[in-house]
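Here is a short briefing on one structure. Three topics follow: the ligand shell, the nonpolar core and a helix pair.

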Amino acid sequence: MLYDTIVVGAGIAGCSVAYFLKQKDQKVLLIDKAEIASGGSGAAGAFLSPKIGVSSPLKDLTDEAFAFTIDFYEKNFPHYYHKTGVIRVPKDEIDASKTSKYSKFHNAKYEELTPSKISQYGFNVRYNSTLFFDGGTCDAKEICTQLTKDIDFLCLNVGNITKIDDIWIVGDVRAKNIILSTGFENNLFDMRYMGIKGTWGNRGDFSSQLSLDVSMHESLSISANMGGVIKLGATHELEVMDKKPCDDSKSYELLEKASNIIDTSDFKLIKTYCGMRSGSRDFAPVVGKVIDVKRMFEYPYILDGRKYPILYHENLFILNGLGARGFVLAPYLGNELANLIVEKKPMDKRADSDRLFWNWVRKVK
Ligand SMILES: Cc1cc2nc3c(=O)[nH]c(=O)nc-3n(C[C@H](O)[C@H](O)[C@H](O)COP(=O)(O)OP(=O)(O)OC[C@H]3O[C@@H](n4cnc5c(N)ncnc54)[C@H](O)[C@@H]3O)c2cc1C
């Protein structure tokens with residue numbers, strides 16, 4: 001069968017874009033070397049909150065995505081998004097001194113809370129913090145599964161993608177378009193200009209009767225109590241190339257940190273998750289067409305700094321580099337990418353991976 005689009009990688013990125021393409025009546029095949037949400041997405045605490053800081057392209061993009069995605073999850077997957085509110089706690093004195101300064105840049109509904117007010121929610125913190133009412137947490141694996149429930153799935157470790165007569169070939173299957181959403185393993189084509197790197201992290205799910213109605217995020221995230229389960233999560237080991245050992249000691253490290261913030265006396269570990277999230281050279285998402293680096297380097301003076309029209313791999317696309325906010329950004333950007341592929345709407349410049357190319361060429365020299 002000839003598919004319209006094959007999506008390689010079934011994390012929240014691949015599942016989201018597959019969903020929006022299917023909505024546009026495309027024949028879509030989703031491929032993963034393991035099961036759905038078996039990479040970073042399955043490990044994620046999947047907290048959703050807006051970005052704090054002064055206005056910037058990445059902050060504005062993230063906030064637009066936050067508004068879009070909350071609405072999307074609530075309308076389509078209400079059982080898997082828990083709008084608990086998220087309290088964002090400054091991690092140190094310097095961070096705390098900026099809380100009020102940043103408030104005029106918030107685009108989502110919020111309230112500033114003192115430590116004594118926050119203690120009424122069950123958290124012991126030192127600094128004034130910000131409660132975002134629409135924030136919350138989703139069930140990571142279930143959301144990915146629901147997004148793709150009507151979509152063909154193939155379990156295959158893709159090692160090679162070729163093209164004959166404008167048709168892409170992956171193993172025994174064929175398609176007009178390919179989307180790469182392989183997370184930190186971004187090596188199926190020469191995409192060094194995007195500078196994708198991994199950050200390793202852990203999540204521990206604990207059973208507890210602690211009454212906790214709101215989620216919070218500091219250097220670790222603590223979820224509200226959802227049916228007797230509280231999630232603790234953090235990603236912290238930067239620029240990791242390979243997966244690391246994963247055992248329960250990681251969850252107990254998170255538990256020890258959490259015990260300074262909440263009463264963890266009845267916590268019992270249910271399961272430990274570990275995974276990698278991927279970030280780009282400038283920490284913003286990389287979405288859109290993929291540049292054909294080999295053909296670009298055939299231009300005679302490209303290494304001398306001369307710029308030329310960009311040449312792409314025809315009908316090859318990427319959705320990656322979602323950083324610590326995959327569950328916020330993926331539905332929004334998955335929709336944008338589906339619009340580019342089907343309706344030829346230009347990609348949002350803030351996410352378009354082209355922005356990274358010329359700087360990288362300068363450094364190659
Ligand atoms: C511990 C932890 C906590 C996190 N907490 C949050 C949070 O609270 N909120 C939030 O929004 N985000 C969070 N994140 C980040 C979020 O998980 C990522 O942004 C998200 O997973 C990125 O999704 P992805 O689809 O790009 O990558 P992944 O989920 O890693 O998916 C990539 C997929 O590609 C597949 N693949 C790779 N190469 C191949 C190949 N050659 N052939 C076939 N398949 C291939 C992999 O098997 C994998 O399933 C967290 C991450 C971690 C690790």
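In this predicted model, I6 touches L29, I31, W168, V170, V173, A175 and I178, leaving aside residues up to four places away in sequence. I6 and V17 touch the most other members of the largest nonpolar core. Helix α10 recurs below: in the core, in the ligand shell and in a helix crossing.

**Nonpolar core**
- The largest nonpolar core holds 93 residues.
- α10 gives this core its largest share, 9 residues.

**Ligand shell**
- The ligand is surrounded by 44 residues.
- The closest are G9, G11, G39, G183 and G326.
- By class, the shell has 22 polar, 16 nonpolar and 6 charged residues.
- At least two shell residues come from each of α1 (12-23), β2 (28-32), α2 (40-43), β13 (197-207), β16 (229-240), β17 (268-279) and α10 (326-343).
- β17 supplies the largest share, 4 residues.

**Helix pair α3 and α10**
- Helix α3 spans residues 57-76.
- The axes of α3 and α10 come within 8 Å.
- They cross at roughly 85°; angles of 65 to 115 degrees count as roughly perpendicular, and α3 and α10 are therefore roughly perpendicular to each other.
- On the α3 side, the contact is made by T62, E64, A65, F66, F68, T69 and F72.
- On the α10 side, V328, L329, P331, Y332 and L333 meet them.
- This contact of α3 with α10 comprises 9 nonpolar, 2 polar and 1 charged residues.

Key:
Residues numbered from 1 in each chain as written. Predicted model: local features only at pLDDT ≥ 70, side-chain atom pairs only at ≥ 80, totals over all residues. Near = placed C-beta within 6 Å. Nonpolar A, V, L, I, M, F, W, Y, C, P; charged D, E, K, R; others polar. Core = buried A, V, L, I, M, F, W, Y, C linked by C-beta atoms within 7 Å. Buried ≥ 20, exposed ≤ 12 C-beta atoms within 10 Å, placed from the backbone. Contact = placed C-beta atoms within 7 Å. Axes fitted to C-alpha atoms, helices over the stretch in contact; angles between N-to-C directions. Parallel < 35°, antiparallel > 145°, perpendicular 65-115°, else oblique.
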